[in-house]
Amino acid sequence: MPETMMQEIEQIKQMVKQFVDKEVEPYAQQIEEEDKIPQHLIDQAKELGLFGISIPEEYGGIGLNAVSKAIVLEQLGRTHNGFVSLISAHTGIGSTGLVKLGSENLKNKYLPAMAAGEKIACFALSEPGAGSDATNISTRAEKKGDHWVLNGTKHFITNAPVADVFTIFAVTDKAKGAKGGITAFLVERNFPGLIIGKKDKKMGLRGSYTAQVILDNCIVPEENVIGEVGMGYMSALKILAEGRIGLAARAVGSCDKLIELSATYAKERIQFGKPIANFQAVQWMLADMATETEAARTLTLKAAKMVDEGKKVIKEAAMAKLFASEVFNRVADKAVQVHGGMGYVAEYPVERYYRDARITKIYEGTNEIQRLIISRKILEEV
């Protein structure tokens with residue numbers, strides 16, 4: 001990588017880190033208690049261009065490559081995971097499909113507002129009867145003249161309550177199924193027939209909202225098809241692969257923060273007349289936390305680099321998501337242990353990270369599904 005590019009990435013990294021540490025982190029507990037992200041933080045994120053990190057410059061975004069984007073998401077992962085989720089769901093799976101597969105007309109129409117954070121995006125694939133088995137979606141799209149009519153229900157859709165544009169997948173040819181029978185559509189919030197359900201009450205990720213998206217004879221213009229008709233499932237796989245790298249990067253950033261919090265607490269907490277940092281049991285926990293985090297970072301950046309090189313990353317993205325999410329959960333568990341009773345108290349941030357970590361093994365493809373993806377690719381390569 002050229003030295004000038006490395007310097008630019010480092011500048012972006014430090015800018016985001018400063019924003020996270022000095023602006024967002026002081027409001028982390030407020031977000032947790034109120035289940036709401038202060039508008040001024042969202043406005044600041046817009047000013048920094050964080051909603052446009054994956055959108056090309058010609059459409060008003062920053063247009064970061066995959067490695068740079070991973071580094072930014074890693075820094076965002078250092079603070080409240082609900083705040084990070086709002087941005088990453090928008091810049092990841094929410095906008096990737098349009099950026100990579102949309103027509104020029106669609107890009108020019110929607111991307112500038114998305115890059116500015118004026119229109120929030122989300123990705124709607126999962127359904128009550130089709131979570132891990134995405135090929136089993138039942139939402140239907142029927143062509144009528146110059147538009148499509150969509151009917152069905154999506155659920156657990158991140159950003160749905162606040163989103164303005166939705167990437168929605170529907171069956172357009174039942175006989176073909178996933179191989180040529182699923183299509184992706186860009187649906188605006190104000191299109192007739194699109195209904196948002198009530199916000200889900202979740203274990204964690206306060207301030208990041210999910211809800212059902214109900215399509216009741218929803219009318220979508222013909223030009224709002226993303227990519228080719230019938231190729232939506234393959235599009236979803238590509239979008240999810242890159243999204244998983246971003247999720248892994250966020251998890252790594254959260255691990256970094258947990259290590260810092262745990263090391264600081266270990267040096268301050270006195271037991272038996274000395275800081276608990278002096279005890280080998282605590283030292284070994286910190287060592288394991290740091291070692292696994294570095295391994296997850298390396299795996300994540302490798303997958304991101306492959307994206308930038310134009311290589312297929314379905315297996316590597318699954319590996320990064322699988323490993324980083326499980327490391328996040330282990331690091332969060334050890335962080336609570338280092339903090340002892342205080343780790344179980346909501347006033348200390350490790351309690352929040354512990355709850356937020358759990359979803360990373362479930363969304364954007366459960367870790368069981370990641371293992372299936374990885375093993376199938378290995379068997380294909382032999």
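Glu364 sits in the loop that runs between helix α11 (349-358) and helix α12 (367-381). In this predicted model, the phi of Glu364 comes out near 55 degrees, a positive value in a residue other than glycine. Is Glu364 buried or exposed? With a relative accessibility of 19%, Glu364 counts as buried, because the cut-off for that label is under 20%.

Phe272 makes a handy partner for Glu364 in this story. Its phi is also positive and near 55 degrees, and Phe272 is likewise a residue other than glycine. Phe272 belongs to the loop between strands β9 (270-271) and β10 (274-275). Here, though, the relative accessible area is 77%, so Phe272 is exposed. Glycines with a positive phi turn up too: Gly49, just after helix α3, has a phi of about 80 degrees, and Gly145 has one of about 65 degrees.

Helix α3 itself spans residues 39-47, and its buried residues are Leu41, Ile42 and Ala45. They lie on the same side of α3, because they cover an arc of only 100 degrees around the axis. The general rule behind this kind of pattern is that an α-helix has 3.6 residues a turn, so residues three or four places apart point the same way.

Next comes Ser95, found in the loop between helices α5 (81-91) and α6 (96-101). A relative accessible area of 0% means that Ser95 is buried. What does the side chain of Ser95 reach at 2.9 Å? It reaches the backbone oxygen of His90. Setting aside residues up to four places away in sequence, Ser95 touches Ser54, His90, Met114 and Ala121.

Moving along the chain, the UniProt record has an unreviewed entry that lists residues 122-218 as "domain: Acyl-CoA oxidase/dehydrogenase middle". In the model, this stretch is 0% helix and 51% strand. The C-alpha atoms at the two ends of the stretch are 17 Å apart.

How do some of the strands pair up? Strand β2 (residues 140-144) runs antiparallel to strand β3 (residues 147-158), and five bridges link the two. Within this pair, Glu142 stands opposite Val149 in β3. The two strands make a hairpin with two residues between them, and Gly145 is in the turn. Strand β3 also pairs with strand β7 (residues 210-221), again in the antiparallel sense, this time over nine bridges. One of the matched positions joins Thr158 to Thr210, its bridge partner in β7. As a general point, the side chains in a regular strand alternate between the two faces of the sheet.

Lys315 brings the picture to helix α10, where this residue lies. Despite being a lysine, is Lys315 buried or exposed? Its relative accessibility is 14%, so Lys315 counts as buried. Along the sequence, Lys315 and Lys377 are 62 residues apart, yet in space their C-alpha atoms are 6.3 Å apart. Apart from neighbours within four places in sequence, Lys315 is in contact with Ile374, Lys377, Ile378 and Glu381.

A last word goes to confidence. The chain averages a pLDDT of 94, and 99% of the residues score at least 70. Confidence is lowest in helix α1 (residues 3-24), with a mean of 87. It is highest in helix α10 (residues 314-339), at 98.

Methods:
Residues numbered from 1 in each chain as written. Heavy atoms only, no water. pLDDT = per-residue confidence, 0-100. Helix = DSSP H or I, 4+ residues; strand = E, 2+ residues; numbered from the N terminus. Buried < 20%, exposed > 50% of the residue type's maximum accessible area, 1.4 Å probe, protein only. Arc of directions from axis to C-beta. UniProt positions renumbered as here; feature names shortened; annotations may be inferred. Polar contact = N/O pair within 3.5 Å; in protein donor to acceptor, adjacent residues only side chain to side chain. Contact = heavy atoms within 4.5 Å. Pairing = 2+ DSSP bridges.
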